[in-house]
Each structure stands twice: as C-alpha cells, then as structure tokens.
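Q: I am new to this structure and would like a close look at its cysteines. Could you walk me through how they are linked and where they sit?

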Amino acid sequence: MGLFNVTRPASFLLTGIPGLESSHSWLAGPLCVMYAVALGGNTVILQAVRAEPSLHEPMYLFLCMLSFSDVAMSMATLPTVFRTFCLNARSIAFDACLVQMFLIHSFSMMESGILLAMSFDRYVAICDPLHYATVLTNGVIAGMGVAVTARSFITLFPLPFLIKRLPICRSNVLSHSYCLHPDMMKLACADITINSIYGLFVLVSTFGMDLIFIFLSYVLILRSVMAIASREERLKALNTCVSHILAVLAFYVPMIGVSTVHRFGKHAPRYVHVLMSNVYLFVPPVLNPLIYSAKTKEVRRAIVRMFRSIKM
C-alpha cells in the first residue's frame with residue numbers, strides 16, 4: 001500500500017489549445033462535426049455490414065473491428081473534450097484520468113493490431129487466393145480479434161500503476177483536453193525513467209512491430225502482383241489494397257509525428273504538441289469511414305441499400 005501512498009492532486013486541469021482559450025466556443029463547432037462524422041460514419045458501416053449478408057467476409061469483418069475501435073476511441077475522448085471546449089469545465093478526477101489514459105492507449109493499440117490483421121487478410125487474398133476461405137475462417141478471425149484486444153489490455157495494464165506510484169507536485173495542469181501517459185508522467189517530481197523506458201518498449205514492441213509487419217506484407221503483395229501477366233489484373237489486385245493503405249497512413253503518420261514531437265521536440269511550442277496529438281486521436285476515426293465508403297464499392301452499395309430500406 002505504501003507504494004501508492006504518495007503526494008498527488010485530487011484532480012487534473014485539462015487544457016484546450018494554448019493561446020486560443022478565448023476561441024474554444026468557436027472551436028467546439030468543428031469538433032462536434034468531427035465527432036458526429038466519426039461516430040455516425042463508423043456506426044453506419046457497422047450496421048451496413050451487419051445487414052448485408054454479402055459483406056460477411058473476412059475483409060469486412062476486420063473493417064467492423066476497425067470501426068468499433070474508432071467508435072470506442074471517440075467515446076473515450078468525447079466527455080473531456082466536450083466539457084473542455086463547450087462547457088469550460090476543465091477539471092477531471094485523478095482516477096478518472098487514469099481510466100481515460102488507459103482506454104485511449106488501449107483502443108489506439110487495438111487499432112494498430114487490427115490494421116496488421118487487415119494487412120494479413122490482403123496478403124492471403126492476393127498471394128494465396130485458393131486458400132483464402134480455409135485460412136481466414138470465422139474462428140480464426142474471432143481469435144485474431146481476441147488476441148488484438150488481449151494484447152492491448154495486458155501490455156497497457158501496468159501504465160496506471162506506474163503513474164500512481166509517482167508523486168505529482170509540480171503542477172496539475174495537463175497539456176491536452178484528455179489524459180495521456182507522456183503528459184501525466186511529466187508532472188511528476190520524481191524519477192520517471194521506468195515510465196519512459198516502459199513507454200518506449202510498448203511503442204516499439206507493438207506499434208513499431210505492427211508497422212514493420214504491415215510493410216513486409218505489402219512487399220510480398222507487391223512481389224506477387226508484379227508476377228501477374230495482365231496489367232488489368234495487377235491494377236485490380238492493387239485496388240483492393242488502396243483503402244487499407246490509406247487507413248494505415250491516416251493512423252501511423254500522425255502517430256509517428258506525435259512520438260517524434262514528444263521524444264525530441266521538447267523545445268517546440270506547446271501548440272505543436274497539442275495539434276499533433278489532436279490530429280493523431282481525431283483524424284483516423286473521421287477518415288476511416290470516409291475512406292472505406294468512398295473507395296470500397298461493396299460497402300458503398302450496402303450503405304445505399306440500407307438507407308433506401310429505411311426510407312421504404
């Protein structure tokens with residue numbers, strides 16, 4: 001018990017965008033639109049896949065997992081972002097902040113794992129199409145979903161306890177409108193080496209390895225596609241990967257930017273840190289439903305049919 005009996009504030013104060021505090025009410029409108037698109041768009045995709053039997057295939061089941069993780073991520077950040085920008089209520093209890101931190105990092109890691117699973121789906125579909133149905137059975141897909149979820153929760157389970165052991169006496173003002181591990185540990189007036197090392201270990205061993213395996217899967221896919229004699233067939237095969245590639249870029253480019261700024265941009269203006277973190281958390285849930293509904297005609301047709309049936 002003595003391990004966690006340290007000095008800490010009863011609550012933290014969240015921050016919107018430094019220097020633009022007077023404009024928070026104006027920024028609330030665009031943020032509400034982004035949340036509406038993220039929650040509404042991903043919910044529509046989930047419902048369209050559920051209602052359309054022809055979409056009960058591995059590619060679209062993985063898409064449902066991605067949409068679910070985007071909805072969960074949006075719901076994890078929505079309460080504090082809404083209170084900070086719309087109500088100017090910046091306070092969040094210490095334990096509530098720990099819970100939000102754990103959920104945000106967990107759902108982010110889940111999304112990374114799902115993107116890796118989707119790259120495996122594309123690899124099997126293009127490089128070994130004859131065994132696609134036998135390799136990616138419903139049982140295998142469910143097992144991959146459970147593994148991705150378990151990895152996230154098990155890997156990140158120590159984070160709240162690593163924060164709780166730290167005395168926090170410098171300040172109780174966080175840099176964002178939500179709670180993140182790097183932001184919270186910087187407020188400690190004690191050695192944070194363990195937190196930094198574990199955070200870097202998690203980043204490299206999960207997100208980093210996922211990105212490497214996604215890259216390798218596309219190297220193999222490209223090699224297989226280049227062996228196809230027909231140019232039309234090559235383009236058709238590559239076209240099935242476009243949506244996934246865009247989703248990978250929408251997720252990893254902001255994440256790499258955030259990690260770089262946090263690790264090496266200590267002298268960068270505060271608004272740069274805030275802007276990069278907001279892009280990382282808000283953009284993928286907004287873009288993913290737009291990408292898949294625009295670039296995947298099967299999903300687009302299912303959505304149209306769903307809305308037509310509602311009108312009838």
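A: Let's begin with one term: a disulfide is a pair of cysteine sulfur atoms within 2.5 Å. Please keep in mind that this is a predicted model. With that cut-off, the structure holds two disulfides.

Start with Cys-97 and Cys-179. Their sulfur atoms are 1.9 Å apart, and the two residues form a disulfide. Cys-97 sits in helix 3, which covers residues 94-127, while Cys-179 is found in the loop between helix 6 (158-164) and helix 7 (181-185), so this disulfide ties together parts that are 82 residues apart in sequence. If you look along the S-S bond, the link of Cys-97 and Cys-179 is left-handed, with -115° about that bond. As for their surroundings, Cys-97 and Cys-179 are both buried.

Now turn to the other bond, between Cys-169 and Cys-189, whose sulfur atoms are 1.8 Å apart. The torsion about the S-S bond of Cys-169 and Cys-189 is about 125°, so this disulfide is right-handed. It links distant parts of the chain: Cys-169 lies in the loop between helix 6 and helix 7, and Cys-189 in the loop between helix 7 and helix 8 (193-226), 20 residues apart. Here the cysteines are partly exposed: Cys-169 has a relative accessible area of 47%, and Cys-189 has one of 31%. By contrast, Cys-97 and Cys-179 are buried, as we saw.

How do the two bonds fit together along the chain? When the bonded cysteines of the protein are numbered in sequence order, the pairing is 1-3, 2-4.

That leaves a cysteine to look at outside these bonds. Cys-127 is in no disulfide, and the nearest cysteine sulfur, belonging to Cys-241, is 8.8 Å away. Seen from the other side, the sulfur of Cys-241 has its closest cysteine sulfur in Cys-127, and 8.8 Å is too far for a bond, because a disulfide needs sulfur atoms within 2.5 Å. Cys-127 counts as partly exposed, at 27% relative accessibility, whereas Cys-241 counts as buried, at 1%.

To gather the picture: the link of Cys-97 and Cys-179 is left-handed, the disulfide of Cys-169 and Cys-189 is right-handed, and Cys-127 is in no disulfide.

Methods. Residues are numbered from 1 along each chain as its sequence is written. This is a predicted model: local features need pLDDT of at least 70, side-chain atom pairs count only at pLDDT 80 or more; totals for chains, interfaces and linings use all residues. Side-chain values use heavy atoms; hydrogens and water are left out. Helices (H or I, at least four residues) and strands (E, at least two) are DSSP runs, numbered from the N terminus. Buried means under 20% relative accessible area, exposed over 50%, partly exposed in between (1.4 Å probe, protein chains only).
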